[in-house]
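Look at the model below and follow the text from the inside of the protein outwards.

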Amino acid sequence: MQHPWLYDLESLEEISQNVLARRLFLKLAAMSREGTLATFVSELEGDDELDDDLKGTITELAHEPGYLFAVEEYLRGTQRVH
């Protein structure tokens, strides 16, 4: 079964057009693949300088590896086209 976010091209395109978001998603996907994302999230939660909303968003993304990989695939595919 395919997830609904696979069809949300508008969100994927917004991520691809935002340099910081693109870098963040690619880094999160790489850490997830390497098995280091959980450690990163734990360290992130202890950082008092970061905004709680940002921490929550990254934590939520960390629990959706399928989404991270879908975004990564989209970004890599569109990078060749752009």
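Leaving aside its neighbours within four places in sequence, which residues is leucine 28 in contact with? In this predicted model, the contacts of leucine 28 are Leu37, Phe40, Ile58, Leu61 and Leu68.

Leucine 28 also appears in the largest nonpolar core, which has 18 residues. Those with the most contacts inside this core are Ile15, Phe25, Leu28, Leu68, Val71 and Leu75. Two or more residues come from each of the elements α1 (9-17), α2, α3 (37-45), α4 and α5. Helix α2 gives the largest share, 6 residues.

Phe25 has a further role in the picture. A search of the whole structure finds 1 aromatic pair. The ring centres of phenylalanine 25 and tyrosine 67 are 6.1 Å apart and the planes stand at 75°, so the pair is edge-to-face; planes over 60 degrees apart count as such. Phenylalanine 25 lies in helix α2 (residues 19-34) and tyrosine 67 in helix α5 (residues 65-81), so the pair ties together parts that are 42 residues apart in sequence. Phenylalanine 25 is buried, with a relative accessible area of 10%, and tyrosine 67 is buried as well, at 16%.

Now turn to helix α4 (residues 52-62), whose buried residues are Lys55, Ile58, Thr59 and Leu61. These cover an arc of only 160° around the axis, so they lie on the same side of α4. The face turned away from that buried side carries the exposed residues Asp52, Asp53 and Glu60. At the N-terminal end of α4, aspartate 51 acts as a cap: one of its side-chain oxygens lies 2.7 Å from the backbone nitrogen of aspartate 53.

How values were computed:
Residues are numbered from 1 along each chain as its sequence is written. This is a predicted model: local features need pLDDT of at least 70, side-chain atom pairs count only at pLDDT 80 or more; totals for chains, interfaces and linings use all residues. Side-chain values use heavy atoms; hydrogens and water are left out. Rings of Phe, Tyr and Trp (its six-membered ring) pair if their centres lie within 6.5 Å; planes under 30 degrees apart count as stacked, over 60 as edge-to-face and the rest as tilted. Helices (H or I, at least four residues) and strands (E, at least two) are DSSP runs, numbered from the N terminus. Buried means under 20% relative accessible area, exposed over 50%, partly exposed in between (1.4 Å probe, protein chains only). The arc is that of the directions from the helix axis to the C-beta atoms. A polar contact is a pair of N or O atoms within 3.5 Å; within protein, one must be able to donate a hydrogen and the other to accept it, and residues adjacent in sequence count only if both atoms are side-chain atoms. A nonpolar core is a set of buried Ala, Val, Leu, Ile, Met, Phe, Trp, Tyr and Cys residues joined through side-chain atoms within 4.5 Å. Contact means heavy atoms within 4.5 Å.
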